[in-house]
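Hi,

Here is the structure I promised to pass on. Have a look at it first, and then read on for what turned up.

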Amino acid sequence: MAIGVKEIIKLGEEKINERFNLRGGKSGFAGEYVLGFLPEGVKAGGFLYTNKDTVSLGVVVSMKDLRKNGSTYSFDIIEEFAEHPYIAPMIEGGKVEEYSAHLVQEGGIQGVPKLYGNGYMIAGDAAGFSFSNGLVLQGMNYAIASGIAAAETAIEAKSKNNFSEEALAAYRERLMNSFVLRDLLDFRGDTGRHLERHCAQGHSQGHGRSVRAALHRGQPAEEAHIQDRHGCPEQERDEDL
Ligand SMILES: Cc1cc2nc3c(=O)[nH]c(=O)nc-3n(C[C@H](O)[C@H](O)[C@H](O)COP(=O)(O)OP(=O)(O)OC[C@H]3O[C@@H](n4cnc5c(N)ncnc54)[C@H](O)[C@@H]3O)c2cc1C
């Protein structure tokens with residue numbers, strides 16, 4: 001799990017276009033940064049992107065690193081980022097209009113719970129549909145696509161007046177046939193948590209298979225993960241490599 005902290009800074013459209021060399025209309029600027037000024041052991045990424053008359057500035061920091069370090073705080077990191085000589089000129093004269101923080105899941109497929117049951121379906125972040133490995137952060141695409149899949153399934157269920165678990169199983173099928181679950185299955189083993197790998201490659205492959213099978217059965221993925229962890233031979237653990 002990571003934490004994202006973001007400021008929305010008002011600069012005005014004219015200043016943004018001039019400062020970022022934009023022509024207005026639909027053009028914009030987006031930058032992603034690896035923060036190198038942090039205390040030992042704390043890893044974080046930064047981002048800055050332009051909106052029409054505001055700039056979004058933020059950082060994403062591993063919660064585990066913060067806990068381990070004990071004396072570094074996400075609100076200090078964003079302050080330091082904003083004052084960095086590379087960033088400060090881009091936001092100079094701006095006024096912070098919004099400040100927010102949000103948890104970012106890094107879990108990938110092993111964070112996905114049971115996705116549907118009698119009368120419900122779970123989509124987006126709530127369903128664990130996010131992927132983050134410290135370099136890439138995705139979630140909006142999965143939230144939109146899973147929302148569409150849930151809506152289509154709900155429309156179908158309404159036309160038959162059947163909202164049972166069996167009827168809503170079509171939601172999981174839609175996700176299995178879309179990039180949502182395909183991506184998460186393909187990326188298994190590449191998430192932040194997996195970068196620390198408890199087991200070698202053999203475990204990841206086995207894990208993927210058991211999770212895929214669990215999703216077909218409608219079983220919570222976490223259960224499958226636990227089963228798979230138990231099945232991971234001791235000699236495959238990273239500490240032994
Ligand atoms: C700092 C940061 C940077 C990110 N960068 C990217 C990126 O570059 N690319 C990308 O693809 N993804 C990115 N993400 C992830 C992306 O924002 C999420 O995956 C996506 O917004 C999930 O959409 P969602 O609709 O599932 O959930 P949310 O966007 O969290 O929406 C849930 C909504 O439900 C509301 N809500 C909660 N509880 C209740 C309640 N009880 N009653 C009524 N309403 C409620 C909340 O207020 C919220 O508005 C980033 C996330 C963070 C924090």
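One definition before the rest: a residue is called exposed if 12 or fewer other C-beta atoms lie within 10 Å of its own, and buried if that count is 20 or more. By that rule N21 is exposed, because 8 other C-beta atoms lie within 10 Å. Please keep in mind that this is a predicted model.

N21 caught my eye for its backbone too. Its phi is near 55°, which is a positive value in a residue other than glycine. You'll find N21 in the loop between α1 (13–19) and β2 (30–34).

N161 has a positive phi as well, near 50°, and again the residue is not a glycine. Where is N161? In the loop between α5 and α6. N161 counts as exposed, since it has 7 other C-beta atoms within 10 Å.

Now the overall picture. The protein has 241 residues, and 31% of them count as buried. Its secondary structure comes to ten helices and nine strands. If you take the contacts between residues at least 6 apart in sequence, 63% of them join residues at least 24 apart.

The ligand is probably what you'll want to look at next. There are 16 residues around the ligand, and those that come nearest are G4, G124, G139, M140 and A143. Two or more residues of this shell come from each of β1 (2–10), β4 (54–62), β5 (95–104), β9 (137–138) and α5 (140–160). The largest share, three residues, is from α5. As for chemistry, the shell holds eight polar residues, six nonpolar and two charged.

Why does the ligand lie between the two domains? Because domain 1 (2–104) and domain 2 (108–240) both give residues to the shell around it.

Last, a word on α6. This helix runs over residues 165–176, twelve residues in total, and spans 17 Å from its first C-alpha to its last, close to the 16 Å expected at 1.5 Å a residue. Its buried residues include L168, Y171, R172 and L175. These cover an arc of only 90° around the axis, so they sit on the same side of α6.

That's it from me; shout if anything is unclear.

Cheers

Terms used
Residues numbered from 1 in each chain as written. Predicted model: local features only at pLDDT ≥ 70, side-chain atom pairs only at ≥ 80, totals over all residues. Helix = DSSP H or I, 4+ residues; strand = E, 2+ residues; numbered from the N terminus. Contact = placed C-beta atoms within 7 Å. Near = placed C-beta within 6 Å. Nonpolar A, V, L, I, M, F, W, Y, C, P; charged D, E, K, R; others polar. Domains from an automatic or database assignment. Expected span 1.5 Å × (residues − 1). Arc of directions from axis to C-beta.
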